[in-house]
Amino acid sequence: MKMVMAIIKPHKLDDVREALTAIGVEGLTASEARGYGRQKGHTEIYRGAEYAITFVPKVKIEIVLPDNLVENAVEAIENAARVGKIGDGKIFVYDVNSAVRIRTGERDDEAL
Ligand SMILES: Nc1ncnc2c1ncn2[C@@H]1O[C@H](COP(=O)(O)OP(=O)(O)OP(=O)(O)O)[C@@H](O)[C@H]1O
Ligand SMILES: [Mg+2]
């Protein structure tokens, strides 16, 4: 299993969720985040306004997946989240050791 963690523009969250659902993803977590990238917050446009602050509003998405879905999921996020402008975000992938569905006690792939 892998964790795919993506930092995206907030207005892309629904597009990304739909793209992930379409490839068979059944669960994910989204959180509000504050991002700092190469522009250091100075030149990004958010809701039509230039953000003259250090941290820019972002959404963080976390999805734990069986290995065979990871490549598709990364591509789905890339395509759905891309505007083609600075601040489109990043995707990180890391290993996950275990998962549990609390209601049933199912483990690992069965728990996703
Ligand atoms: N190395 C990093 N580790 C963790 N989060 C990061 C890292 N780099 C960027 N981020 C997060 O990703 C967000 C979006 O990054 P962003 O797309 O602005 O990247 P960038 O490297 O500045 O590229 P670009 O020039 O396309 O804007 C940042 O606001 C921050 O939340
Ligand atoms: Mg940037």
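**Close-up views of a predicted model**

**View 1. Surroundings of Ala76 in the predicted model.** Leaving aside residues up to four places away in sequence, Ala76 makes contact with Ala19 and Leu20. Ala76 itself belongs to helix H2, and its relative accessibility of 12% places Ala76 in the buried class, because buried means under 20% relative accessible area. Although Ala76 and Val16 are 60 residues apart along the chain, their C-alpha atoms are separated by 7.3 Å.

**View 2. The open sheet and its strand order.** Four strands form an open sheet in the order E2-E5-E1-E6, and their pairing is antiparallel. Strand E2 (29-35) and strand E6 (89-95) are the edge strands, each of them pairing on one side only. With direction ignored, neighbouring strands of this sheet are turned by 20° against each other on average.

**View 3. The pairing of E2 with E5.** Strand E5, which covers residues 56-65, runs antiparallel to E2, and the two are joined by seven bridges. One residue pair can be picked out here, since Ser31 has Lys60 in E5 as its bridge partner.

**View 4. Helices H1 and H2 against the strands.** Helix H1, made up of residues 13-22, lies across strand E1 (2-8), E2 and E5, and runs at about 10° to E5. Helix H2, made up of residues 67-81, packs on the sheet, where it touches E1, E5 and E6, and the direction of H2 makes about 5° with that of E1.

Key: Residues numbered from 1 in each chain as written. Chains lettered and ligands numbered in written order. Predicted model: local features only at pLDDT ≥ 70, side-chain atom pairs only at ≥ 80, totals over all residues. Heavy atoms only, no water. Pairing = 2+ DSSP bridges. Axes fitted to C-alpha atoms, helices over the stretch in contact; angles between N-to-C directions. Contact = heavy atoms within 4.5 Å. Buried < 20%, exposed > 50% of the residue type's maximum accessible area, 1.4 Å probe, protein only.
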